[in-house]
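Please look over the model below. The report that follows takes up charge pairing, packing, surface and record annotations in turn.

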Amino acid sequence: MLTSILLTAGMALMGAGIGAGIVAIGAGLGIGRIGGQAMESIARQPEAAGKIQTAMLIIAALIEVVSLFAVVVCLLIALNAGGIAF
């Protein structure tokens, strides 16, 4: 019984850690792609640089918010599995 509980808690902690890592990698790749594509767009149409940069920053901020939410969910899973209930 105790082994089953410890195994379940360990799997939850490992899943939360892997989930947080995947979120960080996804956010980094997404923001990097946005930045690269924005620079390419600015190089093609320098007169639209202001609009492109504004849109890029808004989208990057939205990606950061979603990734922060996902990391908080992973943290809650890890703390709940560790015996700290919220």
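A salt bridge here is a side-chain nitrogen of Lys or Arg within 4 Å of a carboxyl oxygen of Asp or Glu. By that rule the count in this predicted model comes to one salt bridge. R44 and E40 form it through their side chains, at 3.1 Å from N to O. Both residues lie in helix α1. They sit four residues apart, about one turn of the helix. R44 counts as exposed because its relative accessibility is 65%, over the 50% cut-off. E40 has a relative accessible area of 36%, so it is partly exposed. Side chains of opposite charge can pair when their charged atoms come close.

**Packing between the helices**

Which residues make up the largest nonpolar core? There are five in all: I34, A38, A48, I52 and M56. Helices α1 (2-44) and α2 (49-81) each supply at least two residues of this core.

I34 also has contacts with residues farther along the chain. Not counting residues up to four places away in sequence, I34 touches M56, I59, A60 and I63. M56 is thus named twice: in the core and among the contacts of I34.

Q37 gives a second view of M56. Q37 lies in helix α1. The two residues are 19 apart in sequence, yet their C-alpha atoms are 9.1 Å apart in space. Q37 is partly exposed, because its relative accessible area of 39% falls between the 20% and 50% limits.

Next comes S67. Is S67 buried or exposed? S67 is buried, because its relative accessible area is 12%, under the 20% cut-off. Its place is in helix α2. Leaving aside neighbours within four places in sequence, S67 is in contact with V23 and A27.

**Nonpolar surface**

L7, M11, M14, I18 and I22 make a nonpolar surface patch of about 530 Å². One of these residues, I18, lies in helix α1. I18 counts as partly exposed because its relative accessibility is 48%.

**Annotated spans**

UniProt, in an unreviewed entry, lists two kinds of feature. The record gives "domain: V-ATPase proteolipid subunit C-like" for residues 14-77. It places "transmembrane region" at residues 12-34 and 55-79. The table sets out the computed geometry of each span.

| Span | Helix | Strand | End C-alpha atoms apart |
|---|---|---|---|
| Residues 14-77 | 94% helix | 0% strand | 10 Å |
| Residues 12-34 | 100% helix | 0% strand | 33 Å |
| Residues 55-79 | 100% helix | 0% strand | 36 Å |

The domain span, residues 14-77, has its end C-alpha atoms 10 Å apart. For the transmembrane spans named in the record, the end-to-end values are 33 Å for residues 12-34 and 36 Å for residues 55-79.

**In brief**

The model has one salt bridge, between R44 and E40. Its largest nonpolar core holds five residues, with at least two from each of α1 and α2. A nonpolar patch of about 530 Å² is found on the surface.

How values were computed: Residues numbered from 1 in each chain as written. Predicted model: local features only at pLDDT ≥ 70, side-chain atom pairs only at ≥ 80, totals over all residues. Heavy atoms only, no water. Core = buried A, V, L, I, M, F, W, Y, C linked by side-chain atoms within 4.5 Å. Buried < 20%, exposed > 50% of the residue type's maximum accessible area, 1.4 Å probe, protein only. Contact = heavy atoms within 4.5 Å. Patch = residues over 30% accessible without salt bridge, like charges linked within 9 Å, V, L, I, M, F, W, Y side chains within 5 Å. Areas by Shrake-Rupley, 256 points an atom, 1.4 Å probe, with all protein chains shown as cover. UniProt positions renumbered as here; feature names shortened; annotations may be inferred.
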